[in-house]
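Work through the exercises below with the sequence and the 3D structure open beside you, and try each task before you read its solution.

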Amino acid sequence: MNKIHLRLQRLIIYVLWLIILVVLFDYFRVWFLIMALIIALAGGALDVLLLYLMAGKTQVTVETETASTEKNGDVPVFIHIVHDSMIPSSELRLTLFSENEFYGSSQETEIAYPLYSAEDYHEKLPVTFTMPGTYRFRLQQASIRDFLGFVDLKIPLDSETELSVFPESEEVAEEKTGHLDEEDKGNT
């Protein structure tokens, strides 16, 4: 279910601008001002309508290249954005939840990207795996802002990936081989 969040400061400025255009038209009776008022009203309505169309054509997932790595290993975690719409957005804001199940540590991070027309984009996240355990990355929600910045449309996401991090492997030196009986005879 999509959820709308209005940005009141921008809406108030927009409404004040419309009121100023109406007052100026009433005073000067210039057709240019009525055309500016019509364009401003249609532009605001079209902007919000295009936001709904754009939100339906945007898919965001979180991905890794492999399912496991060693401690301090370099395995990238990507945010994959597929935006099939020709309509750009001023901002795509994501909420990424990450946790290490073994240690019980977790973190929630907000990431913002500009959303360009018809893009297929991989963003590498700056993640370093310093502790062993199972790391889980989950995109919880995304919000897309319309081009004029009046409305944020929140879109729930359900994208998750796991990565198992193992302790660093150590090279074992060759040991001398022999029988235990030989060592016992030498000690007696």
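The exercises that follow concern a predicted model.

**Exercise 1. Outline of the fold**

Find how many helices and strands the protein has, and give their pattern along the sequence.

Solution. Begin by counting the elements: the protein has three helices and nine strands. Next, read them along the sequence, which gives the pattern β-α-α-β-β-β-β-β-β-β-β-α. Finally, consider burial, for which the cut-off is under 20% relative accessible area: buried residues make up 35% of the 188 residues in the protein.

**Exercise 2. A hairpin**

Describe how strand 5 and strand 6 are joined, and find the residue with a positive phi in their hairpin.

Solution. First locate the two strands, strand 5 at residues 89–100 and strand 6 at residues 105–115, which run antiparallel and are joined by 10 bridges. As an example of how residues face each other across the pair, take Leu-96, which stands opposite Thr-109 in strand 6. Then turn to the four residues between the strands of this hairpin, where Gly-104 takes a positive phi near 75°.

**Exercise 3. Positive phi outside glycine**

Most residues other than glycine have a negative phi. Determine where Arg-29 and Ala-118 lie, and decide whether each is buried, partly exposed or exposed.

Solution. Start with Arg-29, whose phi is near 55°, a positive value in a residue other than glycine. Arg-29 is found in the loop between helix 1 and helix 2, and with 53% relative accessibility it counts as exposed. Now take Ala-118, which also is not a glycine and has a positive phi of about 45°. Ala-118 has its place in the loop between strand 6 and strand 7 (119–125), and at 46% relative accessibility it counts as partly exposed.

**Exercise 4. The largest nonpolar core**

Identify which elements supply the largest nonpolar core, and which of them gives the largest share.

Solution. This core has 38 residues, and those that touch the most other members are Val-60, Ile-79, Leu-92, Leu-94, Phe-129, Leu-139 and Ile-144. The elements that each supply at least two residues of this core include helix 1, helix 2 (31–55), strand 2 (58–64), strand 4 (77–83) and strand 8 (133–145). The largest share comes from helix 2, with eight residues. In soluble globular proteins, nonpolar side chains tend to be buried together.

**Exercise 5. Nonpolar residues on the surface**

Find which element gives the most to the nonpolar patch on the surface.

Solution. List the members first: Ile-4, Leu-6, Leu-8, Ile-12, Val-15, Leu-16, Ile-19, Val-23 and Tyr-52, which together have about 830 Å² of accessible area. Strand 1 (3–6) and helix 1 (8–28) each supply at least two of the patch residues, and helix 1 gives the most, with six. One member in this helix is Val-15, which is partly exposed with a relative accessible area of 44%.

**Exercise 6. Two aromatic pairs**

Of the eight aromatic pairs in the structure, examine Phe-102 with Tyr-103 and Phe-129 with Phe-137, and work out why each counts as edge-to-face.

Solution. The rings of Phe-102 and Tyr-103 are 5.0 Å apart centre to centre, with 85° between the planes. This pair is edge-to-face because its angle is over 60 degrees. Phe-102 is exposed, at 62% relative accessible area, while Tyr-103 is partly exposed, at 43%. The rings of Phe-129 and Phe-137 lie 6.4 Å apart centre to centre with 75° between the planes, and this pair is also edge-to-face. Here Phe-129 is buried at 0% relative accessibility, and Phe-137 is buried at 4%.

**Exercise 7. Linked salt bridges**

Which residues are joined into one network by salt bridges that share partners?

Solution. Among the 10 salt bridges in the structure, look first at Arg-136 and Glu-101, whose side chains meet at 2.5 Å, N to O. Arg-136 lies in strand 8 and Glu-101 in the loop between strand 5 and strand 6, so this pair ties together parts that are 35 residues apart in sequence. Next, Glu-160 forms a salt bridge with Arg-138, with the closest N and O atoms 3.9 Å apart. Glu-160 lies in strand 9 and Arg-138 in strand 8, so this pair links parts that are 22 residues apart in sequence. The full network joins Glu-99, Glu-101, Arg-136, Arg-138, Glu-160 and Glu-162.

Definitions and conventions: Residues are numbered from 1 along each chain as its sequence is written. This is a predicted model: local features need pLDDT of at least 70, side-chain atom pairs count only at pLDDT 80 or more; totals for chains, interfaces and linings use all residues. Side-chain values use heavy atoms; hydrogens and water are left out. Rings of Phe, Tyr and Trp (its six-membered ring) pair if their centres lie within 6.5 Å; planes under 30 degrees apart count as stacked, over 60 as edge-to-face and the rest as tilted. Buried means under 20% relative accessible area, exposed over 50%, partly exposed in between (1.4 Å probe, protein chains only). Patches are made of residues with over 30% relative accessible area and no salt bridge: like charges are joined within 9 Å, nonpolar side chains (Val, Leu, Ile, Met, Phe, Trp, Tyr) within 5 Å. Accessible areas come from the Shrake-Rupley method with a 1.4 Å probe; for residues, only the protein chains shown count as cover. A salt bridge is a side-chain nitrogen of Lys or Arg within 4 Å of a carboxyl oxygen of Asp or Glu. Two strands pair if DSSP finds at least two bridges between them. A nonpolar core is a set of buried Ala, Val, Leu, Ile, Met, Phe, Trp, Tyr and Cys residues joined through side-chain atoms within 4.5 Å.
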